[in-house]
Amino acid sequence: MKYAVSYVRVSSEDQKQHGFSIDQQITNNMNFALQNGYAIVQTFKDEGRSAKNLERPALQDLLKYCADKKNNVEAVIVWKLDRISRSVGDYTSTLSPFFAKNNIQLLTVADVNGEGLQIEAMRQVSMVFAELERKTGAIRTKEGIRGKVALGQYPYHAPYGYKNITIKGEKYKKMIIDKDNAFFVRQAYNLILQGDSIDTVTAKLYKMGFRNKHGNRIAPTTVEYILHNRAYTGKFEYEGILIEKTDYQPIISEATYFAVQERLNSPNKTRQTHTEFAYNGTMLCSKCGCQMTGEVKRKKKKDGTERRYIYYHCTGNKGGDCKKDSYIREELIDKAVLNMLKHITIPDEVADAVFKGLKEIHKEQGVDMETNKKILRKRIDKIDKSIKEAFESGMHKFSQGLQKSIEEWEIERRKLIIEEQEMLKTTKTFFEQSNQLLEFSRDCHSAFLKGNAEMRRKIIQIVCSNVFYDGENLIIEPNPVFKTIIKNSLSNKKLPRLDSNQQPFD
C-alpha cells in the first residue's frame, strides 16, 4: 500500500457560488485513493481560505509534513488542481518543484493526472484558467473598496504621515494628516533631493526620531515605499486608474514627488526596479542560502561613452560575508541557461494540446466577460444620459432631491468605471499569460531570447527547480520533467572562475 495525504480547501466565495463542500472533497479524495491503491494517512483542511497565495495554515502544515522523509508520503491528492493553488507563479515556482524534489506525485480527482511534458503543459493551462477565474471573482468582491475609491477615499491602510479616524454617521473612516509622521515624510523627500541615498535618509530619519508603531527603526524598504507612494500628493492610483478627486489633504506637492522619482531613477543610480532583473527571485547563494539580487553597474569607455552591465550578488540578509565574492554577470547566466534550453525540444502534440486548452478556456470565459462588460457599459451610458438630461433641464432649477440624485449617479458611475477597468486588466493579464505559455510551448529557447525580464523569469521558474551560485560555480537543476528530454544533463554545469575583467567595478 502506498501512502498519500489529502488536501481540501474551500473559500467563502466557493461555498456561496458553487456549493463546494469540505466533506464532499474528503469523500472524493478518499474514494480516488482506494481506487488507485493509496492509503490516506492524513487530511489537511483549509476552510474559508483563498488560493491566491500559499499563506494558508493547513497547506503550510502539509508542505512541512511532506518534506519530512520519515512520513514516506508518495502522493498528495486534491479534488481539483485549483484547490491547492490558483496562481500560475506559485504553482510553477514553488509547488511543482517542491513535489518533484521530494518524489511526490500531485494527483487530482477531477483533472488530468500522469507524468511527462504534455501533462505538465496541460496543468499550466489549468493554472492560467484558475488564476483568471480567481481574479474575475475578486472583481465581484471588491464592492466595498470600490465604493471608497468612488468617494475619493484612500482604499488601503493609511500610510506613514496619515491616520484613520472614525466619524459618527459616516460609513468609512476618514484619512487625515498625522502631523508628527508627516514631518518625517517631508524630510525624506527633501533629503533625497539634496542628494542622499535611501540608506542615508533612513539613518538620518532614525536620528530625528522616526520610529514604527513598536518604537523600532524604520526599514530602508519602508522609506523607499514612502518615496514612491503617490498618495502623498493628494492623488493615488487604484488598479491602474489615477484617482484625482480625493477627500484628504496632500503632504507634498506633485512637483516634489516627480522630482524625487526622477532623482531615484537617474542614470547615476545603480538601484533599479525588480522587474528589470530576469533572475531576481530565481537564484540562491549556495554558501548561505540567501537570494541573489540584481544590480546595475556602469563603466565609462575611453571614447567617453558609458557601458551598462547587470550583476547578481548575494543579498547577505542572513548576516554572511559572501556578498563581495558572489558577483556574477548576467551574460554568463544567460549563456548557461540558453545552453540548457537549446536541448529542450517541445513535441508538436504538446504545443497543440496547450493551444487547444487555451482556446477552450477563452471560449468558455469570453461569453461571460463580454456579457458583463456590456451590462456595465449599458448602465454607464444610462447614467450619462440621466445626468445630461438633468443639466439640459436647467441646473438653476434643480431641487435638493435632484442634486442629491446627480451626486449619487456620479459616485455610481465612478464605481462602474473602476470595475470596467479591473475587468479589462484581468482580461489583458489572461492573454499575456496565454501568449507566454504558447511561446514557451513552441520553442522555449527562442521565447527566452525574445522575452523581456518577466518572461525570462517565468521560463526559469517553469524549467528549473533550483539555481545556485557560490562565487565560482553556477549550478542549474532542471525540473524532473525536463531532465528526461534534455540530451546532455546540465544539472552540475560549472562556469569558469571569474577573472578580473568579469569582477564588478566601482
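This section describes the overall make-up of a predicted model, followed by its helix contacts, its cysteines and several single residues.

The chain contains 17 helices and 14 strands. It has 506 residues, and 46% of them count as buried. Among contacts in the chain with a separation of 6 or more, 64% join residues that are 24 or more positions apart.

Three pairs of helices were examined for how they pack. In the pair formed by helix α8 (residues 179-193) and helix α11 (residues 254-264), the axes are 9 Å apart and the packing angle is about 50 degrees. This angle makes α8 oblique to α11, and the crossing of the two helices is left-handed. On the side of α8, the contact is made by Tyr189, Ile192 and Leu193, while α11 contributes Thr256, Tyr257, Ala259, Val260, Arg263 and Leu264. Sorted by class, the residues of this contact comprise 7 nonpolar, 1 polar and 1 charged.

Helix α11 also holds Gln261. The relative accessible area of Gln261 is 11%, and a residue counts as buried when this value is under 20%; Gln261 is therefore buried. When neighbours within four places in sequence are left aside, Gln261 is in contact with Leu227 and His228.

Leu227 appears again in the second helix pair, where it is one of the α10 residues that touch α9. Helix α9 (residues 198-208) and helix α10 (residues 220-228) cross at roughly 105 degrees, and their axes come within 9 Å. Angles of 65 to 115 degrees count as roughly perpendicular, so α9 and α10 are roughly perpendicular to each other. From α9, the residues in the contact are Ile198, Asp199, Val201, Thr202 and Leu205; from α10, they are Pro220, Val223, Glu224 and Leu227. This contact consists of 6 nonpolar, 1 polar and 2 charged residues.

The third pair consists of α5 and helix α16 (residues 453-463), which pack at an angle of about 50 degrees with their axes 7 Å apart. These two helices are therefore oblique to each other. Their crossing is left-handed. The residues of α5 that take part are Val88, Gly89, Thr92 and Ser93, and they meet Lys458, Gln461 and Ile462 of α16. By class, the contact between α5 and α16 has 2 nonpolar, 4 polar and 1 charged residues.

The cysteines were considered next. A search of the whole structure finds 0 disulfides. For Cys290, the closest cysteine sulfur belongs to Cys288 and lies 3.5 Å from the sulfur of Cys290. A disulfide requires the two sulfur atoms to be within 2.5 Å, so the distance between Cys290 and Cys288 is too far for a bond. Cys290 has a relative accessible area of 3% and is buried. Another cysteine, Cys464, likewise counts as buried, with a relative accessibility of 6%.

Two asparagines were examined for their backbone angles. Most residues other than glycine have a negative phi. In Asn72, by contrast, phi is positive, near 50 degrees. Asn72 is placed in the loop between α3 (57-67) and β3 (75-78). Its relative accessibility of 46% makes Asn72 partly exposed, since this class covers values between the buried limit of 20% and the exposed limit of 50%. A positive phi is also found in Asn103, with a value near 55 degrees. The position of Asn103 is in the loop between α5 (88-101) and β4 (105-108). With a relative accessible area of 66%, Asn103 is exposed, because values over 50% fall in that class.

The last residue considered is Ser434, which is found in helix α14 (residues 400-442). Ser434 has a relative accessible area of 6% and is buried. In sequence, Ser434 and Lys359 are separated by 75 residues, whereas in space their C-alpha atoms are 9.6 Å apart.

Key: Residues are numbered from 1 along each chain as its sequence is written. This is a predicted model: local features need pLDDT of at least 70, side-chain atom pairs count only at pLDDT 80 or more; totals for chains, interfaces and linings use all residues. Side-chain values use heavy atoms; hydrogens and water are left out. Buried means under 20% relative accessible area, exposed over 50%, partly exposed in between (1.4 Å probe, protein chains only). Axes are lines fitted to C-alpha atoms, for helices over the stretch in contact, and angles run from 0 to 180 degrees between N-to-C directions. Helices (H or I, at least four residues) and strands (E, at least two) are DSSP runs, numbered from the N terminus. Angles under 35 degrees count as roughly parallel, over 145 as roughly antiparallel, 65 to 115 as roughly perpendicular and the rest as oblique. A crossing is left-handed if the near helix is turned anticlockwise from the far one by less than a right angle, and right-handed if clockwise. Contact means heavy atoms within 4.5 Å. Ala, Val, Leu, Ile, Met, Phe, Trp, Tyr, Cys and Pro count as nonpolar, Asp, Glu, Lys and Arg as charged, and the others, Gly among them, as polar.
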